[in-house]
Amino acid sequence: MAFPMDRPATWFVTGTSRGLGLELVKQLLDRGDNVAATTRSTERLLSALGDVDTSRLLPLAVDLRDDEAVTQAVHQTSERFGGLDVVVNNAGYGFLAAVEETTDRDVRDMLDVQVVGVWNVLRAALPILREQRSGHIVNVSSILGLTAVPGWALYCAGKFALEGLSEALAAEVAGFDVKVTIVEPGYFRTDFLTTDSIALPAATTAAYPAIREMTAEHLRLQGSQLGDPVRGAAAIIGQVVSGDGPLRQLLGSDAHSYATAKVDALRANVEATAGTAPSTDFPAA
Ligand SMILES: NC(=O)c1ccc[n+]([C@@H]2O[C@H](COP(=O)([O-])OP(=O)(O)OC[C@H]3O[C@@H](n4cnc5c(N)ncnc54)[C@H](OP(=O)(O)O)[C@@H]3O)[C@@H](O)[C@H]2O)c1
């Protein structure tokens, strides 16, 4: 079954008190859909929504790292709205540091939110979607889930993991008529690059001046990013409603250029090893 057109659809969106998540919630409520919105602070979410009509909103204070809390939130959603149609795993944050400046705690915190948290949501939601043989999972990755740059290793590690999980999942659930979309935004003018959102290492070394400069440049970029979150949220909703579109939804001309460069570099790498890769095969009997 495709996206429901004869009744309000029910969406479960994570990370909603600001940025892209908040914009998704606003536009979905405006469409007349039902929205379960997870956040670490329902007060922040409700105050950000201002005078938006929230009669179809279920605000949920959820720690995405807590498997039981997530399961309960998904069940509360399907009980309140009588079903579940679309899941948007949107919550995420950036971390800017050299690999060797990144602590064990930093790594675990990032992967807890960007991988374990998503997995918790999927484990709770998939049985519902699979049994009803319809639904759409949207995993918000990044162009940095496709290509990696210095200083972003931990963020890229989380998003690359999310991409691998999503690509496997897409093939796994296609037979149940459940669709998966991986969203890959470029720079968007949300709170992402503010010091409220982005995380920095507790200690740095003097060995990476280029990463300190890159960090300062990114903090200065706040407010002039190319991507418009209103258009971004509309594009995500549009692809889900149409039920069409490729596995990877690139958002922004910057994301598209980075992706093109990555594909070219990957193709050159694959071609450069065409002669040597077969050398490790067992000889034909
Ligand atoms: N903006 C960009 O340039 C850009 C580019 C590529 C990809 N993205 C991705 O797009 C998604 C949305 O980001 P955004 O641009 O809207 O940034 P944002 O304005 O900073 O919003 C991020 C959202 O993620 C949630 N979040 C942040 N840290 C969290 C944590 N430690 N635990 C749980 N939730 C957390 C927050 O939810 P609550 O505070 O409500 O809990 C917040 O609403 C993220 O996955 C991000 O990686 C953004």
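In what order do the seven strands of the open sheet lie? In this predicted model, the order is β3-β2-β1-β4-β5-β6-β7, and the pairing is parallel. At the edges sit β3 and β7 (248-251), each of which pairs on one side only. Going from one strand to the next, the twist averages 15°.

**Strands β1, β2 and β3**

Let's start at the β3 edge of the sheet. Strand β2 (residues 34-39) runs parallel to strand β3 (residues 57-61), and five bridges join the two. If you would like a pair of residues to look for, T39 stands opposite A61 in β3. Between these strands the chain passes through helix α2 (residues 42-49), and the resulting β-α-β crossover from β2 to β3 is right-handed.

Strand β2 also pairs with strand β1 (residues 10-13), again in the parallel sense, over four bridges. Here F12 has A36 in β2 as its bridge partner. As a general point, side chains in a regular strand alternate between the two faces of the sheet.

**Helix α1**

Helix α1 covers residues 19-31. Does its length fit what one would expect, or depart from it? At 1.5 Å a residue, its 13 residues should span 18 Å, and the end C-alpha atoms are 19 Å apart, which agrees.

Buried residues in α1 are G19, L20, G21, L22, E23, L24, V25, L28 and L29. It helps to recall that an α-helix has 3.6 residues a turn, so residues three or four places apart point the same way. Just after α1 comes G32, which takes a positive phi of about 90°.

**How the helices pack**

Two helix pairs can be set side by side.

| Helix pair | Packing angle | Axis separation |
|---|---|---|
| α1 and α7 (residues 229-242) | about 60° | 9 Å |
| α4 (residues 104-132) and α5 (residues 153-173) | about 15° | 9 Å |

With α1 and α7 packing at about 60°, α1 counts as oblique to α7. For α4 and α5, the angle of about 15° makes α4 roughly parallel to α5, because angles under 35 degrees fall in that class. What is the handedness of these crossings? The crossing of α1 and α7 is right-handed, and the crossing of α4 and α5 is right-handed too.

Methods: Residues are numbered from 1 along each chain as its sequence is written. This is a predicted model: local features need pLDDT of at least 70, side-chain atom pairs count only at pLDDT 80 or more; totals for chains, interfaces and linings use all residues. Two strands pair if DSSP finds at least two bridges between them. A crossover is right-handed if, with the strands pointing away from the viewer, the path from the first strand over the helix to the second runs clockwise. The expected span of a helix is 1.5 Å times one less than its number of residues. A residue is buried if 20 or more other C-beta atoms lie within 10 Å of its own, exposed if 12 or fewer, and partly exposed in between; C-beta atoms are placed from the backbone. Axes are lines fitted to C-alpha atoms, for helices over the stretch in contact, and angles run from 0 to 180 degrees between N-to-C directions. Angles under 35 degrees count as roughly parallel, over 145 as roughly antiparallel, 65 to 115 as roughly perpendicular and the rest as oblique. A crossing is left-handed if the near helix is turned anticlockwise from the far one by less than a right angle, and right-handed if clockwise.
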